[in-house]
Amino acid sequence: MNGPAPDQLRDPRSQTAPRRAVVDLGSNSVRLVVFEGQSRNPVQIFNEKAVLRLARGLIRTGRLDEAAMDEAATVIRRYGAIARAMGAHPFEALATSAVRDAENGPDFVARLEAATPGLKVVVLSGEQEAHLSAEGVLCGIPGADGILADLGGGSLEAVRLSAGTIGDAATMPIGVIRLAERAAGDPIRAKAIVAGELAELPFLSDGAGGDLYVSGGAFRALARIHIAQTGYPLAMVHHYTIGREEARDLSAVIGEASRKLIERMPGAARKRIEDLPFAAIILRRLLRATGAARVVFSANGLREGWFLRQLPPAMREQDPLVAAGRDLTIGLLRDPNLPDALIGWTAPLFPAETHAQHRLREAACWFSDIGNHEHPEYRAEQAFLRVLRQTGVGLDHHARAFLALTLALRYEAPIESPFLAPARALLDMAAARRAETLGVALRLAYTLSAGTPALLAATSLIPRDGRLVLTLDAASGVFAGDPIERRLARLASMVGLDPETRLI
């Protein structure tokens, strides 16, 4: 995969990089996010939310709540001050279901723009909201295939995703606040309302046997409860994936639980407690309507879709996994030409790799020098944790675990190190073995080359006739001392070959 030339690489978080601010003016909450830089993986440097419940009472009155509007005006004036102080431009607010449906929505928009210098409020149609949410999910999961459901306070957006392309889309007035009001708080009525709305969308059945991608704060709150209850080794909602039956059990328990019981559940967000039973009802009905085999939770949505639209087309087309490797190692690499050299140098060890495996190896080569500025005693663990917990949206949990384990072995972590446990819990034996092999190969490459492409080019590593042959150009200054022989022997043992060193 070709990337930008080294002289085109610059830190997307540098002081000269642009900042952009967006307000998600939702039916339940109002949130400001400031993104820094121009990179394929959005970098948030500020994120603040206020739960105002603008949509409360909308079903009964047809109007936004007066007290909530006053609070929102105050909050958004603060957000405007933050955006100006941070030098963010553009500064936009994306208004969704409550504002677009309310009788006093236009007056509220005019009030916000008049009171907040530099603010532009965009009132999204249901279709626009659905498409932006889909683009946000695709920002982190570019090959998503299945049904997306983005749940807010006022509406639920459903989108058919087909191998990364956006298909049929619809919006339904069954956000958690609106559903609770339509059902007068009755879960049985809520189930019937949701079932009726979903029955109007025949494309939902296209998700049978595939993935149901869910986004929105109430769905994420469900995921956090499940993560806490199961002791899952990575406390990240984005890309968290559970099977159909687990999702059904989760939604059944939450959907029928009392408020007091939910309050006692590990991971339950206090401000989401009254929404959770209705989110659970919607999730269970979605599983029934789509026939999905898995639920994939996304922390991305409307805001990330907005951000992605600000980027040049060529940047939008980048692989977010590999882009994360480039972005997070700028300024740390001893030589920006080395990763491409490592990709070629390690390729003979993995002749039958799939496209997905190649992407991981390519990303690992970019990450491979990430720990060179750390204290030698802690390089392996620091590199492991940095990669496992990084912010890149394109890394699912398997990728994080694979790359983290690879980097730990690249820095010679003992294979039995306790800090490796989260990665091992997320990988099957074959993937873990592959990560270990790549990590040991990268360690050998750095020992040979001192992190320079010129010295690495004087070597090659080729499996041949039952042997792993390391060839060295004698005139280059590279030689096979004890560390080289030791690391070659370890790598050869891992791939079931005998080591051999040849000078030419």
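**Aromatic pairs, charges over rings and two glutamates**

With a relative accessibility of 61%, E416 counts as exposed, since the cut-off for that class is over 50%. This value, like the others below, comes from a predicted model. E416 is found in the loop that runs between α18 and α19. A long stretch of chain separates this residue from R224: the two are 192 residues apart in sequence, and their C-alpha atoms lie 29 Å apart in space.

A second glutamate, E436, offers a useful counterpart. E436 belongs to helix α20, which covers residues 429-449. Here the relative accessible area is 6%, so E436 is buried; the class takes in values under 20%. The side chain of E436 is joined to that of R424 by a polar contact of 2.8 Å. What else does E436 touch, once its neighbours within four places in sequence are left aside? Its contacts are then L405, L409, I415, R424 and M494. R424 thus appears both in this set of contacts and as the partner in the polar contact.

Attention can now turn to the aromatic rings. Searching the whole structure gives four aromatic pairs. In one of them, F384 with F419, the ring centres are 5.4 Å apart and the planes meet at 65°, so the pair is edge-to-face; planes over 60 degrees apart fall into that class. Where do the two partners sit along the chain? F384 lies in helix α17 (residues 379-388), while F419 is in the loop between α18 (397-410) and α19 (421-426), so the pair ties together parts that are 35 residues apart in sequence. F384 has a relative accessibility of 0% and therefore counts as buried. The loop between α18 and α19 is also where E416 is found. Elsewhere, Y232, Y240 and F297 are linked into a cluster by ring pairs.

Rings also take part in arrangements with a charged residue, and R410 is involved in two such cases. R410 lies over the face of Y411, at 4.0 Å from the ring centre. The charged end of R410 also sits over the ring of Y446, at 3.9 Å from the centre of that ring.

Finally, the UniProt record, in an unreviewed entry, lists residues 34-312 as "domain: Ppx/GppA phosphatase N-terminal". In the model, the chain over residues 34-312 is 46% helix and 19% strand. The C-alpha atoms at the two ends of this stretch are 19 Å apart.

Technical notes. Residues are numbered from 1 along each chain as its sequence is written. This is a predicted model: local features need pLDDT of at least 70, side-chain atom pairs count only at pLDDT 80 or more; totals for chains, interfaces and linings use all residues. Side-chain values use heavy atoms; hydrogens and water are left out. Rings of Phe, Tyr and Trp (its six-membered ring) pair if their centres lie within 6.5 Å; planes under 30 degrees apart count as stacked, over 60 as edge-to-face and the rest as tilted. Helices (H or I, at least four residues) and strands (E, at least two) are DSSP runs, numbered from the N terminus. Buried means under 20% relative accessible area, exposed over 50%, partly exposed in between (1.4 Å probe, protein chains only). A charge sits over a ring if NZ of Lys or CZ of Arg is within 6 Å of the ring centre and within 35 degrees of the ring normal. UniProt positions are given in the numbering used here, feature names are shortened, and annotations may be inferred rather than shown by experiment. A polar contact is a pair of N or O atoms within 3.5 Å; within protein, one must be able to donate a hydrogen and the other to accept it, and residues adjacent in sequence count only if both atoms are side-chain atoms. Contact means heavy atoms within 4.5 Å.
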